[in-house]
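Work through the exercises below with the structure open beside you. Try each task before reading its solution.

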Amino acid sequence: MTQQVQRADFDRVMVPNYAPAAFVPVRGQGSRVWDQEGKEYVDFAGGIAVNSLGHAHPALVAALTEQANKLWHVSNSLTNEPALRLASKLVEKTFADKVFFCNSGGEANEAAFKLARRYAIEKFGPEKVEIIAFDNAFHGRTFFTVSVGGQPKYSDGFGPKPGGIVHLPFNDLGALAKHISDKTCAVVMEPVQGEGGITPATKAFIEGARALCDKHNALLVFDEVQSGNGRIGTLYAYEEFGVTPDILTTAKGLGGGFPIGAMLTTAEIAKYLAVGTHGSTYGGNPLGCAVAEAALDIISKPETLAAVKAKHERFRSRLNEINAKYGCFTEIRGMGLLVGAALVPAFAGKAKEFMTASAKEGVMILQAGPDVIRFAPSLVIPDADIDEGLNRFERAVAAVVGK
């Protein structure tokens, strides 16, 4: 018999590094979720841009079920068919020649940063270790990745941080040009900053960064953990900007809800992670790779990607209507189905209040820092669910604003 649990059990048995909502989801279908009390929610959160095809998508359920009856796990002294199929498709659909599988975005970035340093040290010498990253970035929760991320609130308080990391203002090409040198091994950026406020890079900034990396023999690393897998309307954001990185990291939506991450790179760079230099026990897990392959097949369809951009306009138009009525946003920004609504100064720091009010109205949203409301729904969310969810969100806005 299944043990009955409630939200209060979290406070009793879980480490208190999270502060989850008062309700406990128990079932999802498409873009709708139901909690223990049977209340229905429209899901605009997507597990933080993870549930790229919504909940219980039949193709993903079928892939998982089929693989679960075949093979769950083997060590990395072996390979497996789902991993090889998924890697082959990622190579086919991107700039990459080689793929490294892991479990999360943090692990993918850890691998990317280690590879960038290894490549630079072995090819150019031991002094070429500097990593340039940007303010308000987020690259994961390992100590290396959280140090590369440009938000001290996540990295302070854990003792001495890894050295050789510099943070510069995002979208400031002049600052990058002034600082980068032949000691720089990599420039690391999110094409669209996620946790930092849903802020896209400018095309000029990305193009300039590419040119500066080429000039100084530094690698350009794109963290596409949040912006990738169709989230902005291309399979990966680098395609939208027309600039190819040397290393790309991906996770979140890659598995449609099943934990999996990957680092993609060229054959020339990949060879510096020789046998034994890096690893991941569960990396390339057959279950995760089977589900991710099914998700990739759907996400990469032209009609899926085109619909993402159309749905962005539907979100933007309706959010602008809400803002015209309540005057609570300074701007609506983002790309595709990674949308941010930046709060006006009068509501600065109150993004979580909007989250809580939205849950009461039956819609799940996110925040990107204390001042930005974030929407990251399923890429295949029906227009009717967008409309209904935004109607519920408007009622939440009215409750917070008091109009």
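**Exercise 1. Place Arg-314 in the fold and decide whether it is buried, partly exposed or exposed.**

Solution. This is a predicted model. Start with the secondary structure: Arg-314 is found in helix α13. Next, take its relative accessible area, which is 33%. Buried means under 20%, and exposed means over 50%. The value of 33% lies in between, so Arg-314 is partly exposed.

**Exercise 2. Which residues does Arg-314 touch, leaving aside neighbours within four places in sequence?**

Solution. Step one: list the contacts. They are Asp-383, Ile-386 and Asp-387. Step two: look for a polar contact between side chains. Arg-314 and Asp-387 are joined by one of 2.8 Å. Step three: check a residue elsewhere in the chain. Met-189 is 125 residues apart from Arg-314 along the chain. Their C-alpha atoms are separated by 28 Å.

**Exercise 3. Give the strand order of the open sheet that contains β17, and name its edge strands.**

Solution. Four strands form this sheet, in the order β13-β14-β17-β16. The pairing is antiparallel. Now find the strands that pair on one side only: these are β13 (329-335) and β16 (366-367). They are the edge strands. Then add the helix. Helix α13 (residues 302-326) packs on the sheet and touches β13, β14 and β17. Its direction makes about 175 degrees with that of β13.

**Exercise 4. Trace the bridges that β17 makes with β14 and with β16.**

Solution. Take the β14 side. Strand β14 (residues 338-343) runs antiparallel to β17 (residues 372-375), and four bridges join them. Gly-340 has Arg-374 as its bridge partner in β17. Ala-341 has Ile-373. Turn to the β16 side. Here two bridges hold the antiparallel pairing of β16 and β17. Leu-366 has Arg-374 as its bridge partner in β17. Arg-374 is therefore a bridge partner of both Gly-340 and Leu-366, by the bridges that define strand pairing. Finish with the hairpin of β16 and β17: four residues lie between the strands, and Gly-369 takes a positive phi near 85 degrees.

**Exercise 5. Which β17 residues lie on each face, and are they buried or exposed?**

Solution. Begin with the general rule: in a regular strand the side chains alternate between the two faces of the sheet. Apply it to β17. Val-372 and Arg-374 are on one side. Ile-373 and Phe-375 are on the other. All four are buried, and both faces of β17 are covered.

Technical notes:
Residues numbered from 1 in each chain as written. Predicted model: local features only at pLDDT ≥ 70, side-chain atom pairs only at ≥ 80, totals over all residues. Heavy atoms only, no water. Contact = heavy atoms within 4.5 Å. Axes fitted to C-alpha atoms, helices over the stretch in contact; angles between N-to-C directions. Buried < 20%, exposed > 50% of the residue type's maximum accessible area, 1.4 Å probe, protein only. Polar contact = N/O pair within 3.5 Å; in protein donor to acceptor, adjacent residues only side chain to side chain.
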